[in-house]
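Subject: Structure handover

Hello,

Here is the structure I said I would pass on to you. Please open it next to this email and look up each residue as you read.

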Amino acid sequence: RSSDLAAEMQEQECGDATNLTVSFAGELLKMCEDLLRMGLHTSEIVMGYKRAYEFLEKALPTLVTETVKDCRDEKEMIRIVTPVLAAKQFGFESVLAPLVVSACQGTFSSNGRAAVNSDSVRIAKIMGGNVSQSEVIQGMVIMRGTEGSIQHMDAAKISVFACGLEASATEAKGTVLMKNADDLMSYNKSEEKKMDEIIKAIADTGTKVVISGGTVSEMAMHFIERYGMMCVKIVSKWELRRICSATGSTALVRLGPATAEEMGFCDEVNVREIGGRKVVIFAQKDNAKDGCRVATILLRASTESVLNDLERAVDDGVNCIRTCCSNGALVPGAGATEMELSHRIKAFGDTCPGLDQYAIRSFAKALEFVPRTLAENSGQEPTDILAALTAAHANGNASAGVDITGEGNGVRDAGKDIVDLLHTKDSAFRLAVDAAITVLRVDQIIMSKPAGGGKLGI
């Protein structure tokens, strides 16, 4: 359970490296089994892990190879996000990386520091075609067509209704007695007249696009068409909130004209057919207000499972750029950082007297799971790869990592091609160590007495 909580926290903070968090916490606990068999007490293991982590916390920043200075540089950001995507969808990173960078940079404010809001980059999935047909749409995409015949609007004022566009039902039940056809006609005319007045009042405010969060009646649709407005129906309340954020509008719970403050604006609203499916695109141009810039990555693939995997990879890529905008420090990837830390912590453990040194060495050995896993997943011999990496790092090559292509002896210089974000690594290690130590200290937590004195009168 503690590992799950650590992974959830890592997802909230960085949006990536949740596997690293859970796997490292599990590896630390696995190492405890041998330590306990040797006769070490859990308190001694906890102390050793704490000392090893304190050393790791100081050593990790010294491995920084470079710092990203300009997040608006497209080539630079593609280079950084490519390893993140390759870790999830190897072979598609060259297709997905430019899309992710283009979508994120499309949401940057024109002035000031570059920053990415994860909610501003949406993902739409349409089955059919192949991954190379995926594209970036600068705007928000609604996965359905319009309700009426009007399918394009420029410089559109928008009114959003959280309720349906239909005549409201009476609160109390009643009976209407109609004696002839004239009574029926007059009853319908009164309802039509009322709906006409409401839609006309909405049109008089300058509204060009009406968005409904509920049912649109045939009568309301008739008058919306008469006054030349586009009508879009959005059933999901979450989608309705996002469209309000993207257009700067306020969702109304009453059926009537919106005030100037409640109305939104969009540079272009149009219907487009993609893969045999009609979608509505709300596109904002460069002069849109901050917070109203939205980009959508439209993913195409042959099956639902592939689309879901691509979505997870793109989500990690977006979070990578978000983290890079706040902290652009980079460390070598391909398991090079973990092997270098392992090498340094082993040397540190040799200088420590007492029983703590065994836990410190186990901590260093646990870090080797990253290059070992990379070697296993790429079909290579983990023992040989770890031996080659250990020799490379002992010779001072701090950026030596695993070559998953298997060329040479399976070791390559990560250099500037394969990099990881320092902040993501640091957060993953911190949460993993906290989760492992919490499990080891569970006996002390259960046995601890509540603070405070005894109750009076006892």
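Below is what was found in it, starting with one sheet and going on to two pockets and two alanines.

Please keep in mind that this is a predicted model.

The sheet

The sheet is open and has three strands, in the order β2-β11-β3, with mixed pairing. Its edge strands are β2 (121-127) and β3 (135-137), each of which pairs on one side only. On average, neighbouring strands of this sheet are turned by 25° against each other, direction ignored.

In case the terms are new to you: strands of a sheet pair through backbone hydrogen bonds, either parallel or antiparallel. Both kinds can be found here. β2 and β11 (residues 295-301) run parallel and are joined by seven bridges. Val-121, for example, has Ala-295 as its bridge partner in β11, and Arg-122 has Thr-296. β3 and β11 run antiparallel, with three bridges between them. On that side, Val-136 stands opposite Ile-297 in β11.

Is β11 mostly covered or mostly open? It is mostly covered, with seven of its seven residues buried. Ala-295, Ile-297, Leu-299 and Ala-301 point one way from the strand, while Thr-296, Leu-298 and Arg-300 point the other way. Note that Arg-300, on the second of these sides, is buried too.

A helix also belongs in this picture. α9 (residues 304-326) packs on the sheet and touches β2 and β11. The direction of α9 makes about 165° with that of β2.

The pockets

The largest pocket has a volume of about 1,500 Å³. It is lined by 45 residues, and those closest to its centre are Pro-83, Ala-86, Ala-87, Lys-88 and Leu-374. Several elements give two or more residues to this lining, among them α2 (18-38), α4 (74-88), α12 (369-377) and α14 (422-440). Which element has the largest share of the lining? That is α9, with seven residues. By class, the lining of the largest pocket has 17 nonpolar, 14 polar and 14 charged residues.

The second largest pocket has a volume of about 370 Å³. Of the 18 residues that line it, the closest to its centre are Val-121, Arg-122, Ile-123, Arg-242 and Glu-311. You have already met Val-121 and Arg-122 as bridge partners of residues in β11. β2 gives the most to this lining, with five residues. α8 (237-247) and α9 also supply at least two residues each. The lining of the second largest pocket divides into six nonpolar, four polar and eight charged residues.

Two alanines

Two further residues deserve a look for their backbone angles. Ala-155 has a positive phi of about 45° although it is not a glycine. Ala-155 lies in strand β5 (residues 152-161). Ala-334 has a positive phi as well, near 60°. Ala-334 is found in the loop between β12 (329-332) and α10 (336-350).

Are these two alanines buried or exposed? Ala-155 has 41% relative accessibility, so it counts as partly exposed. Ala-334 has 14% relative accessibility and therefore counts as buried, as the cut-off for buried is under 20%.

When you go through the model, you could begin with β11 and follow its bridges to β2 and to β3.

Regards

Note on methods
Residues numbered from 1 in each chain as written. Predicted model: local features only at pLDDT ≥ 70, side-chain atom pairs only at ≥ 80, totals over all residues. Heavy atoms only, no water. Pairing = 2+ DSSP bridges. Helix = DSSP H or I, 4+ residues; strand = E, 2+ residues; numbered from the N terminus. Axes fitted to C-alpha atoms, helices over the stretch in contact; angles between N-to-C directions. Contact = heavy atoms within 4.5 Å. 1 Å grid on protein atoms, 1.4 Å probe; cavity = no way out; pocket = protein on both sides within 12 Å on 5 of 7 lines; lining within 4 Å. Points joined across faces, edges and corners; volume = space filled by probe spheres on them. Nonpolar A, V, L, I, M, F, W, Y, C, P; charged D, E, K, R; others polar. Buried < 20%, exposed > 50% of the residue type's maximum accessible area, 1.4 Å probe, protein only.
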